[in-house]
Amino acid sequence: MTAERIPATVPTATYRLQLQPGFPFSAAEAAVPYLSSLGVSHLHLSPVLEAVPGSTHGYDVVDHARVREELGGEEGLRALARTAREHGLGLVVDIVPNHMAMSPRHNHALWEVLREGPESPYARWFDIDWEARGGQLLVPVLGGPLGEVLGQLVVDGDVLRYHEHAFPLREGTADLPLPQLLDAQWYRPVWWRLARTELNYRRFFSISELIGVRVEDPEVFEATHAKILQLLREGVVDGLRVDHPDGVADPDGYLARLHEATGGRWTVVEKILADGERLPAGWPVAGTTGYDALRQVDGLFTDPAGADELLGQYRRFAAPQTDRGGDWAATVRRAAYKVLTHELAAETDRLTRAATRVCATSADPALRDRAPWALRIALEELLVRMRVYRPYASGDAGAVVTERAALEARSAFVVPEEGGAVDVVRGLLLAEDDGPGPAEFRTRFAQTSSALRAKSVEDTAFYRYVPLLSATEVGGDPGSPGVSPDDFHAYCARVQRDWPLSGTVVTTHDTKRSADVRAALAVLTECPQRWADVLTEVTRDGAGVPDAQLAWAAWQTVFGLGPAAPERVQEALLKHVREAGLYTSWTEQEPPYEEAVASFVAAGPCGAPGERVAAFRASLGPQVRANVLGTALVHLTMPGVPDVYQGTEGEFRALVDPDNRRPVSFPPEHPGEKDAVTTAALRLRARRPGVFGDTATYAPLTAEGPAAAHCLAFARSGAAVTAVTRLSLRLAAAGGWRDTVLPLPPGRWADVLAPEREFTGHARVAELFERLPVALLERVDGGGDEDDGH
């Protein structure tokens, strides 16, 4: 056994592992020697606490006090930590503060609440509106209206059973006739379709199987974090990734409490920043999990002019279906209205009741006289105009709920005088009244806003607006998908200054397409007319196409994915049409339409016409390669702590979950160029941590010559240089690199991937990229701006 090596306190790079019963702690432990050889400093584990049996993701936690037995239990986790430490690796784990599984038979705390009601010591754990629905918690599990399935409910001792579901009975109720028994409980099983309008508990987004947790309560925080904090104190775990902090009541307060409880351990938060939005400066965290970096990296390899032309081609292709995602802002707005009035109708009701209570008890007649229906319209009109996830206590609510949004919202009222309800609502949001009513209303608004943003943008609009699928990614801005080198450099400089230890990602368990798929799709922005010509060819007869929006998305899907099993494409596109919710949905499925989609995909994109798309993709192989390698190298060397998703050190072409959770091999069976680039960059980070860490520097490097715009380069701490090719198809059409040169910082520079190659002064870009379309250089004469740890 090797001597124990102490892991770094702060990661230099992490490697994400998706734990599940088929890949438990022991499998992760077996992969440690290989993962250590890559050059990462920490393993990043998906949630490790007890979850619903069989869960493939672990975000449906049922017990915060136990490490998940299906993964090997606490001993399995500790064994993994010991082996990791022997190889110089630490552990970072994903925690889920916002919600638990709505599964009473597995969730003991919830079971007790159903049995004892609001007097249960666990009742404070869950965000339940006991004043609604007759004081009963509605549980949406029935397959139909109660009258139709009543006979399927069975009393079994002190338990009520419905198929695989089980619920506790209140003492003394087991002998009652079933209708009376149901009335006597603290809960009521209801038809699952009522989840949309009737539920009286906060959910994770619109997922009824996940119930909101009140971690703002100090006792609840302690109970739900005790095991994780113990693992941190005992050195089993070194850092944390916080899932969806926007869902909790008070992210500012929660993160401050977490920071104090962990002693300031490295922690990143899954915060989705809108374009131009900044992470709250006062949050005591290292930064985000990295979706803001993903948007920047993707944008570098996207041609803005070509993206605009591609949009025009899409509009012509989809005509006359004018309401099919041809305008990004309009698509988002329509999706937001739909989500508020359907999936989040129950949450909107609760928010409206909170606003009505505040107004009813106000001393101001202008507030007391506001009708609930007017307040609801005002809330809806303001919510759909939110351009960020939510306001924060530490921020300026007026900059989030803007006067412009209020002006637009007032115009939605037919009677202008009723539009004053908008001013009432905005006033409540901007007021500093800390009374329980106003405070609850502001919290409910923020939580509803974050759920709406996620559902309407990520889970609806991204599936309706399809001109360029690579732009419809978490944290992205499909309406403006390109990022200029100057904007990218400005972003990197800001991160190095403000959040140098923030996470960066390009592929995660939540990305709709892996980075390699998106890199291929970005090439289409360099040849939009050729893409349109290919689609004309493969869709000439138009037979079997269910709708043009879906067809365009399907053809792009198979282009981006490349050769793959047809069932993977079928599954992803079925999810696509259900999320889009235009002709079918998860809750109101239309079998004829879904069958038409399946037939079209099998005969077209996955059939003989798909071979033409495959040939077109193959013809663009060098350009796809340049984007894939460029994305990987920029991600691994830009400011921040890179997170490498499992399997993405090599070629990794995946679609949306569950496709992106497929098992991977450790080590990979057929390593290639991307493996070499990834390993070289990670090992350089490990060998010279100061060059990339919190005291490092970032300096843009500007190429000179006729093709300068196609070389993106930067130096880290005067000791490492990254250079990549961007928009390589445009580059080839313009005549190649010719006499373009890249001025290097002072010193002697060796190619990390081929150390025998050295450069000084002005490197000819054609020579720099002679072997690969990317280059990673290390200064070898001992110079540099920063102490690099040697």
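Which side chain meets that of Asp217 in a salt bridge at 3.8 Å, N to O? In this predicted model, select Asp217 and Arg214 together: the two side chains form that salt bridge. Colouring by accessibility then separates the partners, since Asp217 is buried, with a relative accessible area of 9%, whereas Arg214 is partly exposed at 24%.

Keep Asp217 selected and add Arg124. These two residues also form a salt bridge, with 2.8 Å between the closest N and O atoms. The pair connects distant parts of the chain, 93 residues apart. Asp217 lies in the loop between strand S13 (207-212) and helix H6 (218-233), while Arg124 is found in the loop between helix H3 (108-116) and strand S7 (137-142). Arg124 counts as partly exposed, at 35% relative accessibility.

Move next to Glu277 and Lys271. Is this pair buried or exposed? Glu277 is buried because its relative accessible area, 15%, falls under 20%; Lys271 is buried as well, at 0%. The closest N and O atoms of their salt bridge are 3.7 Å apart.

For the following stop, select Asp127, Asp129, Arg202, Arg350, Arg353, Arg357, Glu440 and Arg444. Salt bridges with shared partners join these residues into one network.

Finally, return to the full view. How many salt bridges does a search of the whole structure find? The search finds 63, among them the contact between Asp217 and Arg124 and the contact between Glu277 and Lys271.

Key:
Residues are numbered from 1 along each chain as its sequence is written. This is a predicted model: local features need pLDDT of at least 70, side-chain atom pairs count only at pLDDT 80 or more; totals for chains, interfaces and linings use all residues. Side-chain values use heavy atoms; hydrogens and water are left out. A salt bridge is a side-chain nitrogen of Lys or Arg within 4 Å of a carboxyl oxygen of Asp or Glu. Helices (H or I, at least four residues) and strands (E, at least two) are DSSP runs, numbered from the N terminus. Buried means under 20% relative accessible area, exposed over 50%, partly exposed in between (1.4 Å probe, protein chains only).
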